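These are my notebook entries on how the strands and helices of this chain are put together. I went through the pairings strand by strand and then turned to the cores.

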Amino acid sequence: LMCIALLGPQVFVGYTDIQSEGLNIYVLIDTSKSMLVQDVEPDRITRAKRITKAVLDRLDGDRIGFIPFSSDAYIQMPLTSDYEMARMFLDVIDTNMTGTGSTDIGSAVRLAAGSFDKNLSGNRVIIILSDGEEHRTSSLDAVREIKDDKLRIYTIGIGTTEGGFVPEFDSSNTLMIGYKMDSNLETVVSRLRPELLKKLAAAGNGAYWQATADGVEADHLAREISKLKRDAIEVKRIRKYE
């Protein structure tokens with residue numbers, strides 16, 4: 001009888017459903033050339049990716065997707081709860097992924113907002129990581145035009161208000177050959193412009209933080225989204241034994 005008990009005999013008694021809950025989150029990462037500025041270590045784009053990874057480490061069951069943007073935007077990774085795959089997609093994000101024109105945060109916001117499933121009852125989250133350098137006014141209009149009271153927009157400013165020079169690289173994107181010059185042959189200084197990011201967060205019923213060396217903004221963000229209403233995003237049926 002002891003040997004039989006050690007074999008763990010079981011009888012199948014039916015199925016049980018396990019429901020997981022989570023948020024749907026799109027992370028919008030600025031990939032304009034100004035994100036190469038090294039006024040934060042090691043540079044703005046790398047800092048943005050580190051913050052995104054810290055956010056990933058704090059998720060549990062939420063689905064996340066990535067939208068890189070500059071003058072245009074596209075969904076690089078659709079919403080998924082596969083965090084290992086998300087880390088692989090995050091690793092390859094760089095400043096060569098999107099157009100080289102003036103930054104358009106609004107196009108990325110519209111793309112993200114239009115990609116959410118509006119039939120779900122929980123909150124939808126957009127996280128914007130950018131230096132806020134945008135020479136247009138359409139982005140704030142884009143947020144105000146979105147009629148979705150369940151949408152929350154959080155923004156994180158990457159860089160410093162003192163700013164730095166924008167590096168330029170050779171055709172292989174490996175060797176720095178100088179710094180960006182304007183039409184007067186003066187070196188361009190790129191600065192963090194938090195005003196627009198703060199306005200976007202306010203219009204999206206969210207919050208704004210500036211990136212810090214210790215990454216405390218990821219903790220603040222995690223606490224904020226932990227308060228939001230989640231949806232049943234996956235139901236797994238498992239076999240039940242006695």
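**Entry: the E2–E5 pairing**

I looked up the partner of Asn24 and found that Asn24 stands opposite Arg124 in E5. The two strands concerned, E2 and E5, pair in the parallel sense over 6 bridges. I keep in mind throughout that this is a predicted model.

Following Arg124 to its other neighbour, I found Leu151 in E6 standing opposite Arg124. One place on, Val125 stands opposite Arg152, again in E6. E5 and E6 run parallel and are joined by 7 bridges.

**Entry: how covered E5 and E6 are**

I next asked how many residues of E5 are buried. The count is 7 of 7, and E5 is accordingly listed as mostly covered. In a regular strand the side chains alternate between the two faces of the sheet. I therefore checked the two sides of E5 separately, and both are covered: Arg124, Ile126, Ile128 and Ser130 are buried on one side, and Val125, Ile127 and Leu129 are buried on the other.

E6 was checked in the same manner, and 7 of its 7 residues are buried. On one side of E6 I list Leu151, Ile153, Thr155 and Gly157, and on the other Arg152, Tyr154 and Ile156, all of them buried. Helix H6, residues 194-203, lies across E5, E6 and E11, and runs at about 160° to E6.

**Entry: the sheet as a whole**

Which order do the strands take in the open sheet? I read it as E4-E3-E2-E5-E6-E11, 6 strands with mixed pairing. The edge strands, which pair on one side only, are E4 (77-80) and E11 (208-210). Direction ignored, neighbouring strands of this sheet are turned by 20° against each other on average.

Towards the E11 edge, E6 and E11 pair in the parallel sense over 3 bridges, and the bridge partner of Thr155 is Tyr208 in E11.

On the other side of E2, 7 bridges join E2 to E3, and these two strands run parallel. Within that pair, Ile25 has Ile64 in E3 as its bridge partner. E3 is mostly covered, with 6 of its 7 residues buried. E3 and E4, by contrast, run antiparallel and are joined by 2 bridges.

**Entry: Thr80 at the edge**

Ile64 has Thr80 in E4 as a bridge partner, so I asked whether Thr80 is buried or exposed. Its relative accessibility is 11%, and because the cut-off for buried is under 20%, Thr80 counts as buried. Not counting residues up to four places away in sequence, Thr80 touches Asp62, Arg63, Ile64 and Met85. I also noted that a polar atom of the Thr80 side chain lies 3.0 Å from the backbone nitrogen of Asp82.

**Entry: the nonpolar cores**

The largest nonpolar core holds 34 residues, and those that touch the most other members are Ile25, Ile64, Phe66, Leu129, Ile158 and Ile225. I then listed the elements that give two or more residues to this core: the strands are E2 (24-30), E3 (63-69), E5 (124-130) and E6 (151-157), and the helices are H2 (44-57), H3 (83-91) and H7 (216-226). The largest share, 6 residues, comes from H2.

I took Ile25 as a member to follow in detail. Leaving aside neighbours within four places in sequence, Ile25 is in contact with Leu59, Asp62, Arg63, Ile64, Gly65, Leu79, Phe116, Val125, Ile127 and Ile225. One of these, Phe116, is included in a second, separate core of 22 residues, as are Val109, Ile128 and Ile153.

**Entry: helix H2**

Why do I record H2 as largely enclosed by the rest of the structure? The reason is that 10 of its 14 residues are buried. Those buried in H2 are Arg44, Ile45, Arg47, Ala48, Lys49, Ile51, Thr52, Ala54, Val55 and Leu56; I note that this list includes Arg44, Arg47 and Lys49 as well as Ile45 and Leu56.

I also checked the length of H2: at 1.5 Å a residue its 14 residues should span 20 Å, and the end C-alpha atoms are 20 Å apart, which agrees. At the start of H2, a side-chain oxygen of Asp43 reaches to within 3.4 Å of the backbone nitrogen of Ile45.

Conventions: Residues are numbered from 1 along each chain as its sequence is written. This is a predicted model: local features need pLDDT of at least 70, side-chain atom pairs count only at pLDDT 80 or more; totals for chains, interfaces and linings use all residues. Side-chain values use heavy atoms; hydrogens and water are left out. A nonpolar core is a set of buried Ala, Val, Leu, Ile, Met, Phe, Trp, Tyr and Cys residues joined through side-chain atoms within 4.5 Å. Buried means under 20% relative accessible area, exposed over 50%, partly exposed in between (1.4 Å probe, protein chains only). Helices (H or I, at least four residues) and strands (E, at least two) are DSSP runs, numbered from the N terminus. Contact means heavy atoms within 4.5 Å. The expected span of a helix is 1.5 Å times one less than its number of residues. A polar contact is a pair of N or O atoms within 3.5 Å; within protein, one must be able to donate a hydrogen and the other to accept it, and residues adjacent in sequence count only if both atoms are side-chain atoms. Two strands pair if DSSP finds at least two bridges between them. Axes are lines fitted to C-alpha atoms, for helices over the stretch in contact, and angles run from 0 to 180 degrees between N-to-C directions.
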